[in-house]
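Hi everyone, thanks for making the time. I'd like to walk you through one structure today, so please have the viewer open while I talk.

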Amino acid sequence: MAKKGDKWLKHTWEFETTEDPYAMKEAPAGEAVCPRCKSVFKDKRWFMDEELAEELLEAENVPKLLCPGCRKALESYAMGYLYISGEFWKTHRDDIMRLINNEVEKARGLNPLHQIINIVDDGETTIIETTTDHLAQRLGRALYRAYKGDLEFRWSKGDKLVRVYWKR
Ligand SMILES: [Zn+2]
């Protein structure tokens, strides 16, 4: 019995330390809409639906709530970092940013939790902070697919925070 107890405790500890704290906050009972990114909440999940969002934003009895993605973005809770550098990046910024924005839209179509929090440029490297580890990885892969270059992933302990490096 003691063994079982240990196992359970260990599992719980891992769960608590690696879990995304924003995923567990209380959910609204019915429909809701996020006034910041216009994602909608229905059937216990957030998703993108522009028409429904407009309708819910106008409805008086529907709560206007910041979605988990927007809360993370506003509180700068980054779980992914994409580092972009190299000569090719410097000379193809516009094309590359267009690709990144397209990819973000696609990811948000699947789950509005995926957002870019901030883009920081230190002259050599541009750092894109993302609300999810998934989005940083997805952007890195998209860059590599389109332009090759060097792609590297580095995970933190617990695998919940990823640093993605793309250089060309
Ligand atoms: Zn939102």
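Let's start with a small detail: in the hairpin of E7 and E8, which residue takes a positive phi? It is Gly158, with phi near 90 degrees, and the hairpin has six residues between its strands. Please keep in mind that this is a predicted model.

Now, the two strands of that hairpin. E7 covers residues 150-155, and six bridges join E7 to E8 in an antiparallel arrangement. If you want to find the register on your screen, Asp150 has Lys167 of E8 as its bridge partner, and Leu151 stands opposite Trp166 in E8.

E8 has another neighbour, strand E4, residues 80-85. Here too there are six bridges, but E4 and E8 run parallel. On this side, Leu82 stands opposite Val164 of E8.

Let's look along E8 itself, residues 162-167. As a reminder, side chains in a regular strand alternate between the two faces of the sheet. Which side chains of E8 are buried? They are Val162, Val164 and Trp166, which point to one face, while Arg163, Tyr165 and Lys167 point to the other face and are not buried.

Zooming out, what is the strand order of the sheet? It reads E5-E6-E4-E8-E7, five strands in an open sheet with mixed pairing. E5 (116-121) and E7 are the edge strands, each pairing on one side only. From one strand to the next, the twist averages 15 degrees.

Two helices pack on this sheet. Helix H5, residues 93-110, touches E4, E5, E6 (125-130) and E8, and its direction makes about 165 degrees with that of E5. Helix H6, residues 133-147, touches E4, E5, E6, E7 and E8, and its direction makes about 15 degrees with that of E8.

Helix H6 also takes us to the aromatic residues. How many aromatic pairs does a search of the whole structure find? It finds five. One of them is Phe88 with Tyr147, a tilted pair at 5.3 Å centre to centre with 55 degrees between the planes. Phe88 lies in helix H4 (residues 87-91) and Tyr147 in helix H6, so this pair ties together parts that are 59 residues apart in sequence. Phe88 counts as buried because its relative accessibility is 14%, under the 20% cut-off. Tyr147, with a relative accessible area of 17%, is buried as well.

Tyr147 has a second partner, and you have met this one already: Trp166. That pair is tilted too, with 6.3 Å between the centres and 50 degrees between the planes. The two rings link distant parts of the chain, since Tyr147 is in helix H6 and Trp166 in strand E8, 19 residues apart. Taken together, Phe88, Tyr147 and Trp166 form one aromatic cluster.

Last stop: the metal site. Which residues donate to the zinc ion? The protein donors are the SG atoms of Cys34, Cys37, Cys67 and Cys70, lying 2.3 Å from the ion. The site is tetrahedral, with angles of 105 to 116 degrees among the four donor atoms. In sequence, the spacing is C-x2-C-x29-C-x2-C. Cys37 lies in the loop between strand E1 (32-33) and strand E2 (39-42), and Cys70 in helix H3 (residues 68-74), so this pair ties together parts that are 33 residues apart in sequence. Both Cys37 and Cys70 are buried.

That's my tour, and I'm happy to go back to any part of it.

Notes:
Residues are numbered from 1 along each chain as its sequence is written. This is a predicted model: local features need pLDDT of at least 70, side-chain atom pairs count only at pLDDT 80 or more; totals for chains, interfaces and linings use all residues. Side-chain values use heavy atoms; hydrogens and water are left out. Buried means under 20% relative accessible area, exposed over 50%, partly exposed in between (1.4 Å probe, protein chains only). Helices (H or I, at least four residues) and strands (E, at least two) are DSSP runs, numbered from the N terminus. Two strands pair if DSSP finds at least two bridges between them. Axes are lines fitted to C-alpha atoms, for helices over the stretch in contact, and angles run from 0 to 180 degrees between N-to-C directions. Contact means heavy atoms within 4.5 Å. Donors are N, O and S atoms within 2.8 Å of the metal (3.2 Å for Na, K and Ca); water is not among the atoms, so sites may look incomplete. Four donors count as tetrahedral if all angles lie between 85 and 135 degrees; four count as square planar and six as octahedral if opposite donors are over 155 degrees apart and all others between 65 and 115; anything else is irregular. Rings of Phe, Tyr and Trp (its six-membered ring) pair if their centres lie within 6.5 Å; planes under 30 degrees apart count as stacked, over 60 as edge-to-face and the rest as tilted.
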